[in-house]
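Here are a few exercises to work through with the model open in your viewer. Try each task before you read its solution.

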Amino acid sequence: MRYIGLCSSRAERRSGTSPSVIVIGAGVAGITAARALVDASIQVTVLESRDRIGGRVCTDYTFGFPVDLGASWLHGVCDENPLAPLIGRLGLPLYRTSGDNSVLYDHDLESYALYDTDGNQVPQELVTKVGLAFEDALQEAIRESKGGIQLEGLAHKVLQWYLCRMEGWFAADAETISLKNWDQEVLLPGGHGLMVRGYLPVINTLARGLDVRLNHRVTTVSRHHHGVKVIVEDGSTFVADAAVIAVPLGVLKAKIIQFEPKLPDWKEAAISDIGVGIENKIVLHFEKVFWPNVEFLGVVAEGTHSCSYFLNLHKATGHPVLVYMPAGKLARDIEKMADDAAANCAFTQLKTILPDASMPINYLVSHWGSDINSFGAYSYDKVGKSHDSYERLRVPVDNLFFAGEATSINFPGSVHGAYSTGLQAAEDCRMRVLERYGELDLLFPTMVDDGICVPVLISRM
């Protein structure tokens, strides 16, 4: 067994050696925590199981231009969004897909085309009318802890499509989403912006100069009074004063990492009580555009499983790309297929509404549910469980600090939620480590804001 020591004796600390922290997971939360700790002169090693950084942020360049297979929106384009200043400084453009308070969350009804399974376009007046009824039914359900809406014919199919989009927002089947807590997430103002060049530039900026060990899958985390010991799959051992656990909720649920001693019952309950959903992307690259010049296309049907949604990247990026985005049970079913079969499934849906559609020249398929490094897309509130579970998952256990979108009580399931919890975990961890060695005078502000505000570049064509 190889030991890689990061921590040092107290005498060495007094002579100037910095405290040490291991960050497990190089997604947005982990990289952010590591960046903040390193900027505070703490020695940090990041252990990442994948062969890349970013986690569920995955910008692919197979087509010769960036396509996000994971997170792709900035939810809340405003100064209150903790990520907005960084995106603004990097000069990364966004494409606005909705304003505030849209029934479709990250889309509004300004630019779309819905069709039935016979290829007939659904009248926009009906879509708007059903949308308003859907919103009213949700609010009534919240007030009365019950409720429903009964529609028939085409209106019923449109309603199923709205449910399908709600399933996409939560990455879960409608019947598993908490009626009581579904709206507990804080939606920042400013609408929703698609990252035109992908999220990778943000990750690369945060990770610059960090000690990141790729292909290091952690199997055991042992904590004791004087520090932590972390063992990876090949038997290598890392030791430090503390650790930040920034792996996805699905990985914690799968118990890929063994904690010694085991985590407290309240922490295990939090891991169990929060849902982890699945939404995938099947990206179809075409030789040229043959579809309407709208932001998204959709198919309405008798049930959510038969509905569909295609994001038109050509509107935002200028590239002839449609992204099919199944969620919940539909996503799980498609994940069982080979990639070519999954791409054909998406293309078959497209042919339903556009019979003359040309074959794609290339495709990409994500597998967030079966990926051992994630086992899901992002978190959601389960039926019968408290929204406070997010906060319990965040609370430290001795010298273990937790970060990630599933530890954000205000912004779960979002990149800015992951980012903010990375900063908070770094602050809590740094205070704990420095306080223990009487070095709080070494405290430096992390992720310093020098007061320069660069507006986010967002537009809509």
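**Exercise 1. Work out how helix 2 and helix 6 pack in this predicted model: which hand does the crossing have, and what angle do the axes make?**

Start with the hand: helix 2 and helix 6 cross in a left-handed sense. Next, take the axes, which come within 9 Å and cross at roughly 30°. Angles under 35 degrees count as roughly parallel, so helix 2 is roughly parallel to helix 6. Now pick out the side that each helix offers. Helix 2 (residues 28–39) brings Val28, Ile31, Thr32 and Arg35, and these meet Ile203, Leu206 and Ala207 of helix 6 (residues 200–207). Sort the contact by class and you get 5 nonpolar, 1 polar and 1 charged residues.

**Exercise 2. Stay on helix 6 and look at Leu200: which residues does Leu200 touch, not counting residues up to four places away in sequence?**

Place the residue to begin with: Leu200 belongs to helix 6. With those sequence neighbours left out, Leu200 touches Val57, Thr59 and Tyr61. Take Val57 from that list and check the backbone. Val57 and Leu200 are 143 residues apart along the chain, yet 7.2 Å separates their C-alpha atoms.

**Exercise 3. Go back to helix 2 and describe its packing with helix 13: what is the crossing angle, and which hand does it have?**

The axes of helix 2 and helix 13 (residues 415–436) come within 7 Å, and they cross at roughly 40°. That angle makes the two helices oblique to each other. As for the hand, the crossing of helix 2 and helix 13 is right-handed. From helix 2, the contact takes in Val28, Ala29, Thr32, Ala33, Ala36 and Leu37. Facing them in helix 13 are Val415, Ala418, Tyr419, Thr421, Gly422, Leu423, Ala426 and Arg430. By class, this contact of helix 2 with helix 13 splits into 10 nonpolar, 3 polar and 1 charged.

**Exercise 4. Find two backbone features in loops: where is Ser41, and which residues does the cis peptide bond join?**

Follow the chain out of helix 2 and you'll find Ser41 in the loop that leads to strand 3 (43–47). Ser41 isn't a glycine, but its phi is positive, at about 65°. For the second feature, go to Glu260 and Pro261, which are joined by a cis peptide bond with omega about -10°. Pro261 sits in the loop between strand 15 (258–260) and helix 8 (265–273).

**Exercise 5. Count the cavities of 30 Å³ or more, then describe the second largest cavity: how many residues line it?**

The count gives 6 cavities of 30 Å³ or more. In the second largest cavity there's about 110 Å³ of space. Its lining is made by 13 residues, and Val67, Asp68, Ser72, Met195 and Leu313 lie nearest the centre. Now trace the lining back to the secondary structure: strand 5 (67–68), strand 9 (192–195) and helix 9 (313–317) each supply at least two residues. Last step, sort the lining by class: 8 nonpolar, 3 polar and 2 charged residues.

How values were computed:
Residues are numbered from 1 along each chain as its sequence is written. This is a predicted model: local features need pLDDT of at least 70, side-chain atom pairs count only at pLDDT 80 or more; totals for chains, interfaces and linings use all residues. Side-chain values use heavy atoms; hydrogens and water are left out. Axes are lines fitted to C-alpha atoms, for helices over the stretch in contact, and angles run from 0 to 180 degrees between N-to-C directions. Angles under 35 degrees count as roughly parallel, over 145 as roughly antiparallel, 65 to 115 as roughly perpendicular and the rest as oblique. A crossing is left-handed if the near helix is turned anticlockwise from the far one by less than a right angle, and right-handed if clockwise. Contact means heavy atoms within 4.5 Å. Ala, Val, Leu, Ile, Met, Phe, Trp, Tyr, Cys and Pro count as nonpolar, Asp, Glu, Lys and Arg as charged, and the others, Gly among them, as polar. On a 1 Å grid over the protein atoms alone, a cavity is a set of points where a 1.4 Å probe fits but cannot get out, and a pocket is an open set with protein on both sides within 12 Å along at least five of seven lines; lining residues have an atom within 4 Å of a point. Grid points are joined across faces, edges and corners, and a volume is the space filled by probe spheres set on the points.
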